[in-house]
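Work through the exercises below with the model open. Try each task before reading its solution.

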Protein chains: 2
Amino acid sequence: MVTLAEVAQHAGVSASTVSYVLSGKRSISTTTRQRVEQSIRELGYHPNAGARALASSRSNIIALMVPLRTDMYVPVMMEIAIAVATTARAHGYDVLLLTGEEGPDAVRRVTRSGLADAMILMDVQLDDERLPLLRGAGRPSVLIGLPADTTGLTCVDLDFTATGALCVEHLASLGHRDVAVIGEAPAVYERHTGFAERTLDGLRARSRELGVRLLHRPCEGGYDAMAVTLARILDERPGTTGFVVQNESAVEPLLALLRQQGRAVPEDVSVVAVCPEQVAVQASVRLTSVAIPAQEMGRHAVERLVAKLDGRGTDDVVLLAPELTVRASSGPAPAAS
Amino acid sequence: MVTLAEVAQHAGVSASTVSYVLSGKRSISTTTRQRVEQSIRELGYHPNAGARALASSRSNIIALMVPLRTDMYVPVMMEIAIAVATTARAHGYDVLLLTGEEGPDAVRRVTRSGLADAMILMDVQLDDERLPLLRGAGRPSVLIGLPADTTGLTCVDLDFTATGALCVEHLASLGHRDVAVIGEAPAVYERHTGFAERTLDGLRARSRELGVRLLHRPCEGGYDAMAVTLARILDERPGTTGFVVQNESAVEPLLALLRQQGRAVPEDVSVVAVCPEQVAVQASVRLTSVAIPAQEMGRHAVERLVAKLDGRGTDDVVLLAPELTVRASSGPAPAAS
DNA sequence: CTGAAAGCGCTAACAC
DNA sequence: GTGTTAGCGCTTTCAG
């Protein structure tokens, strides 16, 4: 194993000089720097992570806690995770992958042991048991998601309330007056993950303002569940011409069922989805949708964290503005029959 | 921050005693152990990761390198990653998440810096540029996937050759004589990721033995691509009654198109998929399938790695035996017309 | 069964 | 602009 001391010797300088060349924390003459860099390259030197962490009390590691449970849409989580890892590397940090399994203990373990300098939490519950620990951890953290009480916390999330509003606005502007919301699985609401409720809030408030009748039904994914849900909706509100879907695994079943019933999209009914771009584009009907900006969320989270670690940055909530892209699944409401 | 020294003082013993209580590397009297454990709990002590790594030259971290690219089926990767993280924790290891972005450099960086004790690589190419580095790294590693040359490497993967064979066997036993294979996107074959080719090898060899006519067509995901591919297949081999699909994003489009053309599944045509259980179960027709055992692969990989780190364990290739589950998408071939 | 003490490789004062 | 050196908190001989 190549050590800093060996590099120093090879370059004919002292250990501290090598250290400072690496950190740039004091000015080094060009010639010295080049000799040192040359030695580093020749010897294939990489600073020892443990020693560095011990001496500087900074591990240059960011912990990312992902939910163990996979009833959230997995590709989104993965996309966020990859964006986090990539952005972190760009700032000189590595990423430690923690699953929700350990629960709050993981927070304690990681912060107390100095394994990570900071953490990012995904899938935050409204009343998350990890939050008190974070506030008292003495280490920066960023939540992806929005808990009920955000005091002392930094959060990044899509503005789901605005997202809901945007969806009805779009449908209303096309003349739809009866809109049904295909929600997440009941379990998601029971967990109080927040985002589902917030979308609903946005949908409801805007519907009221615009005079749209709104019907909300949670829905497990899959064909069978969707069939039941759709039947109930059309039974209760036969005049429904607009659908808002916030459950990726219900999207394709819904489209198939509508087709099967002879309801053309978008001629007879319009569908707006809240989902990742990829899902919207690959669906059997290209979907008008509000994208879930997974990459952006991951990137944002890391950047705020790095800012905090550098002593800049503040505690606050960043809600990314939703963007609705019109595709082939939405159109003017059919003339009332 | 609570240190080992503080624990020692609190318990009225020496630092080394505390250390040995923690590691169990020498016998401690029950009373001493209990006093120490009590102090640890009272003070909320967690050993400093950096110091421990420095002193023991073991970080207790396993690096997991996931592909940056996401044209592989993402949920499978995520499932593997989570299984890796969970299993690793059960053995006292944490997981460092590396993306393919850095490429071979990441291998060098992580091993040379002692950041991780070992690595797991996903999405291995047949001729992967990271392999030479791994062989000379002096640190254990496990590949999930199978490169061309496995000497000096440990690999875990599904036995895709056997998987291919199993699929034709099933269809042949039901009387199907003309089978079409909907393959992965052309890019996957061009990258030589191995698994796609191996499935094909298995399919071909077994088809020959069983007198099944096989037609293979790569296919991008999505409805449009699938429509084109299906048309070509049926044009070329109108008598096709069996389909093997190895591209999750082609599954649903295929089913929809067959339905649309009035070909009933499984009465007119049978479909066998190579895909995660979840996809098979949630499809519009419950699919007869060979599952991709993501969890098992992740768990296996970690366990082999831990064995190596403990000085047990050898270099070898573990191919998990495929299991075909019969569901609603396959049935007897229709009588020849 | 327990203690004392020498590092592990690096950072960051403190000197010059 | 560079060198010297005292730790960082832990593991692990070496003693007893």
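The exercises that follow concern a predicted model.

**Exercise 1. Classify the packing of α1(B) and α2(B), and find the residues that make the contact.**

Solution.
- Take the geometry. Helix α1 (residues 4-11) of chain B packs on helix α2 (residues 15-23) of chain B at about 105 degrees, and the axes are 8 Å apart.
- Apply the cut-off. Angles of 65 to 115 degrees count as roughly perpendicular. α1(B) and α2(B) are therefore roughly perpendicular to each other.
- List the contact. α1(B) supplies B:L4, B:V7 and B:A8, while α2(B) supplies B:A15, B:V18 and B:S19.
- Sort these residues. Five are nonpolar, one is polar and none is charged.

**Exercise 2. Trace the twelve-strand sheet and name its edge strands.**

Solution.
- Follow the order: β11(A)-β5(A)-β4(A)-β3(A)-β1(A)-β2(A)-β2(B)-β1(B)-β3(B)-β4(B)-β5(B)-β11(B). The sheet is open, with mixed pairing.
- Note where the chains meet in this order: β2(A) is followed by β2(B).
- Check the ends. β11 (317-320) of chain A and β11 (317-320) of chain B are the edge strands, each pairing on one side only.
- Look at the twist. Neighbouring strands are turned by 20 degrees against each other on average, direction ignored.
- Zoom in on one pair. β3 (residues 118-122) and β4 (residues 141-144) of chain B pair in the parallel sense over four bridges. Here B:M122 stands opposite B:I144.
- Add a helix. α14 (residues 294-309) of chain A lies across β1, β3, β4, β5 and β11 of chain A, and runs at about 165 degrees to β4(A).

**Exercise 3. Describe the interface between chain B and chain A.**

Solution.
- Count residues. 42 residues of chain B are in contact with 42 residues of chain A.
- Take the area. About 3800 Å² is buried between the two chains, and carbon and sulfur atoms give 67% of it.
- Find the leading contributors in chain B. B:H46, B:M78 and B:L97 lose the most area to chain A, together 16% of what that side buries.

**Exercise 4. Locate the unusual backbone features.**

Solution.
- Recall the background. Most residues other than glycine have a negative phi, and most peptide bonds are trans.
- Inspect the prolines. The bond from A:V265 to A:P266 is cis, with omega near 10 degrees. The bond from B:V265 to B:P266 is also cis, with omega near 10 degrees.
- Place them. A:P266 is in the loop between α12 (248-260) and β9 (270-275) of chain A. B:P266 is in the loop between α12 (248-260) and β9 (270-275) of chain B.
- Check phi. B:S57 has a positive value, near 45 degrees. B:S57 lies in the loop between α4 (49-56) and β1 (61-66) of chain B.

Terms used. Residues numbered from 1 in each chain as written. Chains lettered and ligands numbered in written order. Predicted model: local features only at pLDDT ≥ 70, side-chain atom pairs only at ≥ 80, totals over all residues. Heavy atoms only, no water. Axes fitted to C-alpha atoms, helices over the stretch in contact; angles between N-to-C directions. Helix = DSSP H or I, 4+ residues; strand = E, 2+ residues; numbered from the N terminus. Parallel < 35°, antiparallel > 145°, perpendicular 65-115°, else oblique. Contact = heavy atoms within 4.5 Å. Nonpolar A, V, L, I, M, F, W, Y, C, P; charged D, E, K, R; others polar. Pairing = 2+ DSSP bridges. Buried area = accessible area lost by both parts, 1.4 Å probe.
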